[in-house]
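Here are a few warm-up exercises on surface patches, pockets and cavities. Grab your viewer and work through them in order.

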Amino acid sequence: RLGFLGVISQRKGALSLFEALDPVASAPNAPTFTLRIAGEAQDDEGRQILAEIHRRFEDRPWWPQVEWLGWISDPRAFLNSLDLLVAPSIAFDPFPTVLLESGFAGVPSLACRVGGVEEIVRHQETGWIYDSGDQDQFSEWLDRAIRRPDQLREMGDRAARRVRADFSIGEMVDHYTHLYQSLRAS
């Protein structure tokens, strides 16, 4: 059970998700999956990308495995329904909170290497990270993830432990306290 949570846009990598999924899902002996999309297009660009996704992929045999949920009221419940969060955003985000939320839910992430992704996701430990623009690498990690459900559970457990330990409110307060004390001292 794969999931995407966010705006359907170029920045969020919605089209690249389908471009990476297509060779995996179309291959002989393709793995079984469901892709749940939680979000919608918010502008003309997003609606064009959504139309492009439909135009290019809706005739594929795997298309019925895609669930379009629109905006959801409970992201936590959505994340709890997944085995893997796919975060193909190409936009710089210094601290992508969706990856933290996924970790808190015990769900590993497959994310594009931009912004603060590497601060949250540890490659091949709590999820996977691929290079921006490398669709082959994206497809490869996606295929590996889908074919290894036991590994997804283990990575999800590690993601939950790591996020709770390294990104708790107490940990963040300690870091800010240390920062303020060091600034005050100088």
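Before starting, one cut-off: a residue is buried under 20% relative accessible area, exposed over 50%, and partly exposed in between. Keep in mind that this is a predicted model.

**Exercise 1.** Work out whether Leu-179 is buried, exposed or partly exposed, and find the patch it belongs to.

Solution.
- Start with the location: Leu-179 sits in helix H8, residues 169–185.
- Its relative accessible area is 38%. Because that value falls between 20% and 50%, Leu-179 counts as partly exposed.
- Now look around it: Leu-179 joins Met-172, Tyr-176, Tyr-180 and Leu-183 in a nonpolar surface patch, and together they have about 520 Å² of accessible area.

**Exercise 2.** Describe the largest pocket and say which element gives the most to its lining.

Solution.
- The volume comes out at about 350 Å³.
- The lining has 21 residues, and Leu-5, Lys-12, Asp-93, Pro-96 and Val-98 are the closest to the centre.
- Strand E1 (2–5), strand E4 (84–87) and H4 each give two or more residues.
- H4 gives the most, with four.
- Sorted by class, you get 15 nonpolar, three polar and three charged residues.

**Exercise 3.** Search the whole structure for cavities of 30 Å³ or more and characterise what turns up.

Solution.
- The search gives one cavity, holding about 60 Å³ of space.
- Its lining includes Leu-99, Ile-120, Thr-126 and Arg-162.
- Helices H4 (97–104) and H7 (149–166) each supply at least two lining residues, with H7 giving the most, three.
- By class, the lining splits into seven nonpolar, three polar and one charged.

Note on methods: Residues numbered from 1 in each chain as written. Predicted model: local features only at pLDDT ≥ 70, side-chain atom pairs only at ≥ 80, totals over all residues. Heavy atoms only, no water. 1 Å grid on protein atoms, 1.4 Å probe; cavity = no way out; pocket = protein on both sides within 12 Å on 5 of 7 lines; lining within 4 Å. Points joined across faces, edges and corners; volume = space filled by probe spheres on them. Nonpolar A, V, L, I, M, F, W, Y, C, P; charged D, E, K, R; others polar. Patch = residues over 30% accessible without salt bridge, like charges linked within 9 Å, V, L, I, M, F, W, Y side chains within 5 Å. Areas by Shrake-Rupley, 256 points an atom, 1.4 Å probe, with all protein chains shown as cover. Salt bridge = Lys/Arg side-chain N within 4 Å of Asp/Glu carboxyl O. Buried < 20%, exposed > 50% of the residue type's maximum accessible area, 1.4 Å probe, protein only.
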